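Please study the sequence and the structure shown below before attempting the exercises. Each task is followed by a solution in steps.

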Amino acid sequence: MKNILLIGGSYGIGYAIAKELQFECKVYIASRTFENSDELNVVHISFDASKDILDTSKLPEVIDGLVYCPGSINLRPFKGIKPETFEADMHINFISMVKVIQTILPNLSASNQASIVLFSSVAASMGMPFHTSVAAAKGAIEGFAKALAAEYTPKIRVNVIAPSLTDTPLADKFLNNDVKREKSAERHPLKRFGTAVDLAQMATFLLSDKSSWISGQIFHVDGGMSTLLVNG
């Protein structure tokens with residue numbers, strides 16, 4: 001049975017991944033709080049990715065899969081964004097992720113072939129107004145993932161999922177009424193926004209042996225947003 005570590009999993013995509021994996025893997029969730037832990041067959045570790053160092057004594061010696069879920073969505077005009085906002089977005093999306101990977105690298109290296117799954121955004125590859133801060137942070141993830149995959153192949157696979165707008169608590173302010181939800185759905189060629197399950201299913205595939213010949217890739221799970229021009 002594989003040991004899978006989710007950084008962030010108390011809600012949204014991380015929670016959906018845990019639900020997918022809980023009976024076929026040993027799932028560890030490192031998050032600040034986890035009120036629904038009794039509902040899942042998982043081990044919870046108290047951890048704040050923004051400031052804590054992960055306590056590896058609470059983890060198994062071998063980790064076969066890592067998913068880093070924490071992120072941010074700061075959308076505002078560039079002229080009004082303070083440098084501190086760029087720093088905060090880069091910290092939670094990228095720097096904290098790097099610290100986690102460095103901390104558990106020995107555990108990942110102990111696996112026959114470990115899989116790291118990271119999250120970017122469609123905004124990292126498309127020029128989208130008001131996305132400068134989040135696009136910069138997510139773009140760093142994509143470049144980092146390819147370099148890390150090259151450095152640690154074949155022992156550790158590294159892949160990135162780049163979604164468009166997904167219905168999670170993080171995106172609630174963009175989907176908190178029927179008008180917003182309808183407009184968001186219409187912007188996508190597949191005429192709906194994403195769900196946590198959409199992303200969880202891709203993540204679980206990338207963690208599994210079914211994807212054992214895949215590394216260094218960016219997967220756009222985005223309703224066709226990044227590649228399809230419909231009625232344009």
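The exercises below concern helices and their packing, followed by two loops.

This is a predicted model, in which local features need pLDDT of at least 70, side-chain atom pairs count only at pLDDT 80 or more, and totals for chains, interfaces and linings use all residues. Residues are numbered from 1 along each chain as its sequence is written, and side-chain values use heavy atoms, with hydrogens and water left out.

**Exercise 1.** Determine how the axes of helix H2 and helix H3 are arranged.

*Solution.*
1. Helices (H or I, at least four residues) and strands (E, at least two) are DSSP runs, numbered from the N terminus; H2 covers residues 83–109 and H3 residues 132–152.
2. Axes are lines fitted to C-alpha atoms, for helices over the stretch in contact, and angles run from 0 to 180 degrees between N-to-C directions. The axes of H2 and H3 come within 7 Å and cross at roughly 20 degrees.
3. Angles under 35 degrees count as roughly parallel, over 145 as roughly antiparallel, 65 to 115 as roughly perpendicular and the rest as oblique. H2 and H3 are therefore roughly parallel to each other.

**Exercise 2.** Compare the expected span of H2 with the distance between its end C-alpha atoms, and locate its bend.

*Solution.*
1. The expected span is 1.5 Å times one less than the number of residues.
2. For the 27 residues of H2 this gives 39 Å, and the end C-alpha atoms lie 36 Å apart, which agrees.
3. H2 bends by about 50 degrees at His91; the bend is the angle between axes fitted to the seven residues ending there and the seven starting there.

**Exercise 3.** Describe the arrangement of H1 and H5.

*Solution.*
1. The axes of H1 (residues 12–21) and H5 (residues 196–207) come within 8 Å and cross at roughly 55 degrees.
2. H1 is therefore oblique to H5.
3. Contact means heavy atoms within 4.5 Å; among the residues that meet are Ile13 and Ala16 in H1 and Val197 and Leu199 in H5.

**Exercise 4.** Which backbone features are found at Pro154 and Phe130?

*Solution.*
1. Thr153 and Pro154 are joined by a cis peptide bond, with omega about 0 degrees. Pro154 lies in the loop between H3 and strand S6 (156–161).
2. Phe130, a residue other than glycine, has a positive phi near 70 degrees. Phe130 belongs to the loop between strand S5 (114–119) and H3.
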